[in-house]
Amino acid sequence: MKLKFLAPLITFAVISGVMLYALFYLDPSEIPSELIDKKAPEFSLTAVPGYGEDLSATDLRSGKVTLLNVFASWCVACLAEHPTLMELKRAGKVEIFGLNYKDTPEAAAKWLKKHGNPYTRTGMDLKGRVGIDFGVYGVPETFIMGPDGTILDKIIGPITERDLQQKILPRLTGNLG
């Protein structure tokens, strides 16, 4: 009877322990995707106004490795990775498609005008439906697409130098999968 008051305290301690473990020992960028090694979901989206042609799943089957970058004007982390995307475009190493996620057309166009456009084509996913089909957890996320539109890998969060060296560039040179 006297120990009854300890139940909430013990429950709180266990939950806190699990949360601390997840915070310090798990890497959210390593969340597996069910879509790896599968064809990209079918979609067709209207381009960001003033930024090229519309984007569809057909564009991802270009016969070469490409990137599909999920971005939004309201995303601070997207701004952090944007210089990396611009550098990839300048170097001409890979074609990048932009999936604008849950944004307004005006905000996306303004953001691309201000920060530059690394994308060959863009598509506005206004309600996030295509993002759901791709299993997007948040933005930014980048999908490495195979020549036939197969999803080879997924990068959650901003592209880091490590992602570039270990995941993207080896795919472009044919030294990985």
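Which residues form one aromatic cluster? They are Phe 43, Phe 134 and Phe 143. Keep in mind while you look around that this is a predicted model.

## The aromatic cluster

Let's start with the rings. A search of the whole structure turns up four aromatic pairs. In one of them, Phe 43 meets Phe 134 edge-to-face, with 5.9 Å from centre to centre and 70° between the planes. Phe 43 sits in the loop between helix H1 (6–25) and strand S1 (44–45), while Phe 134 belongs to helix H4 (residues 129–134), so this pair ties together parts that are 91 residues apart in sequence.

Are these two rings buried or exposed? Phe 43 has a relative accessible area of 9% and counts as buried, because the cut-off for that word is under 20%. Phe 134 is buried as well, with a value of 0%.

## Strand S3, covered on both faces

Next, find strand S3, which spans residues 66–71. Six of its six residues are buried, so the strand is largely enclosed by the rest of the structure.

In a regular strand, side chains alternate between the two faces of the sheet. For S3, one side carries Thr 66, Leu 68 and Val 70, and the other carries Leu 67, Asn 69 and Phe 71. Both of these faces are covered, as the residues on each side are all buried.

## The neighbours of S3

Which strands pair with S3, and in what sense? Strand S4 (residues 95–101) pairs with S3 in the parallel sense over six bridges. To see where they meet, look for Leu 68, which stands opposite Phe 97 in S4. Between these two strands the chain passes through helix H2 (residues 76–91), and this β-α-β crossover is right-handed.

Strand S6 (residues 141–145) pairs with S3 too, here in the antiparallel sense and over five bridges. Thr 66 of S3 has Met 145 in S6 as its bridge partner.

## A nonpolar patch on the surface

Finally, turn to the outside of the model. Leu 20, Tyr 21, Leu 23, Phe 24 and Tyr 25 make a nonpolar surface patch of about 650 Å².

Phe 24 is a good residue to pick out here. Phe 24 is found in helix H1 and is exposed, with a relative accessible area of 59%. Phe 134, by contrast, is buried at 0%, so colouring these two rings lets you see a buried and an exposed phenylalanine in one view.

Notes
Residues numbered from 1 in each chain as written. Predicted model: local features only at pLDDT ≥ 70, side-chain atom pairs only at ≥ 80, totals over all residues. Heavy atoms only, no water. Phe/Tyr/Trp six-rings, centres within 6.5 Å; stacked < 30°, edge-to-face > 60°. Helix = DSSP H or I, 4+ residues; strand = E, 2+ residues; numbered from the N terminus. Buried < 20%, exposed > 50% of the residue type's maximum accessible area, 1.4 Å probe, protein only. Patch = residues over 30% accessible without salt bridge, like charges linked within 9 Å, V, L, I, M, F, W, Y side chains within 5 Å. Areas by Shrake-Rupley, 256 points an atom, 1.4 Å probe, with all protein chains shown as cover. Salt bridge = Lys/Arg side-chain N within 4 Å of Asp/Glu carboxyl O. Pairing = 2+ DSSP bridges. Right-handed = clockwise from strand over helix to strand, strands pointing away.
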